Amino acid sequence: MSSNQADQAASDQVVFTQDVSDMALSHQAASNEGTTSQDASDELVSIQDALNQVVSNLAPSNLAAWFTADSPQILMVGPAPYTPPSAHQIVIKNAAVAISTVDWAKQLMGSKMSSWIKHPFVLGNNCAGKVVQVGDMVSDIKIGDRVLAHALSMDPVVNNSSEGAFQHYTVVRDNMVTVIPEWLSYEEACVVPLSLSTAATALFQSEFLSLNRPGTTLRSNPNSLPEAVLIWGGSTSVGCNAIQLAALAGYEVITTCAPHNFEYVTTLGASAVFDYLNELTVPQIIHLFKGKTVVGAIAIGNDSTEPCMKILAKSNGSKFVAQVTFPFPEKIPTTTYQLFRAKAASKWSSIKILIKSKRSGVKTKLVFGSSAAHTEVGSMIYREFLPEALAGGTFVTAPKPLIAGKGLEHIQKAMDWHLMGVSARKLVVSL
Ligand SMILES: NC(=O)c1ccc[n+]([C@@H]2O[C@H](COP(=O)([O-])OP(=O)(O)OC[C@H]3O[C@@H](n4cnc5c(N)ncnc54)[C@H](OP(=O)(O)O)[C@@H]3O)[C@@H](O)[C@H]2O)c1
């Protein structure tokens with residue numbers, strides 16, 4: 001089936017479903033006049049069965065890049081069911097998907113990570129495309145809309161392949177979808193979701209920094225010190241989103257990255273930038289924070305939590321670090337021995353952070369980006385904030401996409417590429 005045929009089939013299905021439902025209702029009314037209620041109800045059940053059969057026959061054929069038990073190192077492209085949406089869901093025909101660390105980390109580590117995910121499974125958190133079907137309770141999003149969405153298959157509460165991004169048709173939840181402007185390409189749009197959810201959770205969720213949201217007035221009065229937030233790792237995909245959100249919420253943003261990205265993160269809204277590899281950075285940021293109230297820090301990147309703790313311990317204001325990067329070795333473990341060492345290193349890193357936290361009074365907490373789907377952050381960001389911010393150009397999709405190819409079979413290459421490292425770029429596959 002070509003993509004146009006699939007689009008047509010999906011919209012035919014919706015129209016057809018409505019027609020058959022109407023027929024079923026009028027048939028029920030007619031039946032109620034001349035037959036017993038048992039006859040009418042039996043007949044209604046058989047019409048409903050026939051309807052379901054027709055709907056499933058009309059469903060577009062779907063393909064996915066499967067993470068399989070048999071070949072853990074290579075995603076296998078093959079048929080996947082087309083799943084219709086439930087009341088608060090939407091089905092998107094994906095036009096572009098983006099890679100996140102968690103995708104290839106899960107592939108490399110298999111059952112050693114996110115053990116609730118069983119093979120075969122559809123990974124992928126970031127997608128953009130056209131809406132082909134909407135659930136009964138979805139408002140303000142319609143068939144044909146161009147959207148970006150955070151796909152949630154890997155979330156422990158969801159744990160469902162139909163909601164993975166790495167396929168042609170993904171089921172997404174209506175609180176995690178944004179209608180995008182006509183001028184924004186799908187490739188540019190799909191870089192956003194998991195990074196945005198993670199940044200927004202770290203900044204705004206009540207268990208983390210709990211900052212004012214973009215568009216609200218800052219709590220401070222004109223005579224109080226300027227409020228500033230530290231975003232360590234500003235050129236990461238999460239960092240690019242966090243800088244913009246925090247700046248739009250009215251905070252001064254102090255960030256770190258490699259010198260060749262200083263200018264880029266400044267265009268996103270950072271007011272001061274430092275090199276995270278320079279040993280003078282910690283004392284320099286402490287010095288800069290004199291005369292400001294610090295509202296907290298977001299630690300992104302390996303070994304980012306400890307410098308953030310040191311800075312907050314010596315600054316005026318919040319003593320809270322939202323930890324985005326999990327304490328894990330740079331090299332992903334693939335054997336049981338490596339895993340044992342990695343777990344020991346990770347435990348040791350957590351213990352060190354705990355000891356430093358006790359000594360300095362700075363608290364830390366790990367962020368789970370997909371948790372935005374289950375808190376107020378999801379709809380606040382995707383439904384209330386982002387549509388207008390994108391359309392008005394106050395928020396840009398960042399970092400820029402690096403397109404690895406076209407077609408599901410290129411997702412593996414894109415994941416391998418991301419594993420090798422990127423600098424202020426997001427790996428994307430067009431579909
Ligand atoms: N908790 C969650 O839910 C969640 C969700 C998404 C991502 N993450 C984690 O967040 C981190 C970033 O993910 P991402 O997808 O945003 O990354 P990414 O865009 O792929 O990261 C690439 C960037 O990392 C920067 N970088 C490398 N080492 C660094 C360090 N030690 N400190 C600060 N920056 C460093 C590089 O900056 P320069 O080129 O400027 O040197 C580069 O621009 C990863 O650890 C990922 O696992 C967590």
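Reader: Which residues have the most contacts inside the largest nonpolar core?

Author: Bear in mind that this is a predicted model. Its largest nonpolar core has 115 residues. Nonpolar side chains do tend to be buried together in soluble globular proteins. Inside this core, the residues with the most contacts are Cys190 and Ala246.

Reader: And where does this core lie relative to domain 1 and domain 2?

Author: Look at who contributes: domain 1 (62-191 + 400-430) gives residues to the core, and domain 2 (198-370) does too. Since both supply residues, the core's place is between domain 1 and domain 2.

Reader: Back to Cys190: which residues is it in contact with, leaving aside neighbours within four places in sequence?

Author: Take the list in order of sequence. It begins with Ala96, Val97 and Ala98, then goes on to Asn126, Cys127 and Ala128. To finish, Cys190 is also in contact with Leu148 and Val428.

Reader: Now the helices. How are α3 and α12 oriented, roughly parallel or roughly perpendicular?

Author: Packed helix pairs get described by an axis angle and an axis distance. For α3 (residues 101-109) and α12 (residues 411-420), the axes are 9 Å apart and the angle is about 100°. Angles of 65 to 115 degrees count as roughly perpendicular. Therefore α3 against α12 is roughly perpendicular.

Reader: What residue classes make up the contact of α3 with α12?

Author: From α3 come Asp103, Trp104 and Gln107, while α12 brings Met415, His418 and Leu419. Sorted by class, the contact has three nonpolar, two polar and one charged residues.

Reader: Which residues does a cis peptide bond join, and what is omega there?

Author: Most peptide bonds are trans, so cis ones deserve a look. One cis bond joins Ala398 and Pro399, with Pro399 in the loop between α11 (376-392) and β14 (400-406); omega is about 0° there. Another involves Pro120, found in the loop between α3 and β4 (126-134). That cis bond joins His119 and Pro120, with omega about -15°.

Reader: Asp140 has a positive phi; is this residue buried or exposed?

Author: Asp140 is in the loop between β4 and β5 (146-150), with phi near 65°. There are 10 C-beta neighbours inside 10 Å, and 12 or fewer makes a residue exposed. So Asp140 counts as exposed.

Reader: What about Ala424, buried or exposed?

Author: Ala424 also has a positive phi, near 50°, and its place is the loop between α12 and β15 (425-430). The count here is 21 C-beta neighbours inside 10 Å, and the cut-off for burial is 20 or more. So Ala424 counts as buried.

How values were computed:
Residues are numbered from 1 along each chain as its sequence is written. This is a predicted model: local features need pLDDT of at least 70, side-chain atom pairs count only at pLDDT 80 or more; totals for chains, interfaces and linings use all residues. Axes are lines fitted to C-alpha atoms, for helices over the stretch in contact, and angles run from 0 to 180 degrees between N-to-C directions. Helices (H or I, at least four residues) and strands (E, at least two) are DSSP runs, numbered from the N terminus. Angles under 35 degrees count as roughly parallel, over 145 as roughly antiparallel, 65 to 115 as roughly perpendicular and the rest as oblique. Two residues are in contact if their C-beta atoms, placed from the backbone, lie within 7 Å. Ala, Val, Leu, Ile, Met, Phe, Trp, Tyr, Cys and Pro count as nonpolar, Asp, Glu, Lys and Arg as charged, and the others, Gly among them, as polar. A nonpolar core is a set of buried Ala, Val, Leu, Ile, Met, Phe, Trp, Tyr and Cys residues joined through C-beta atoms within 7 Å. Domain bounds come from an automatic or database domain assignment.
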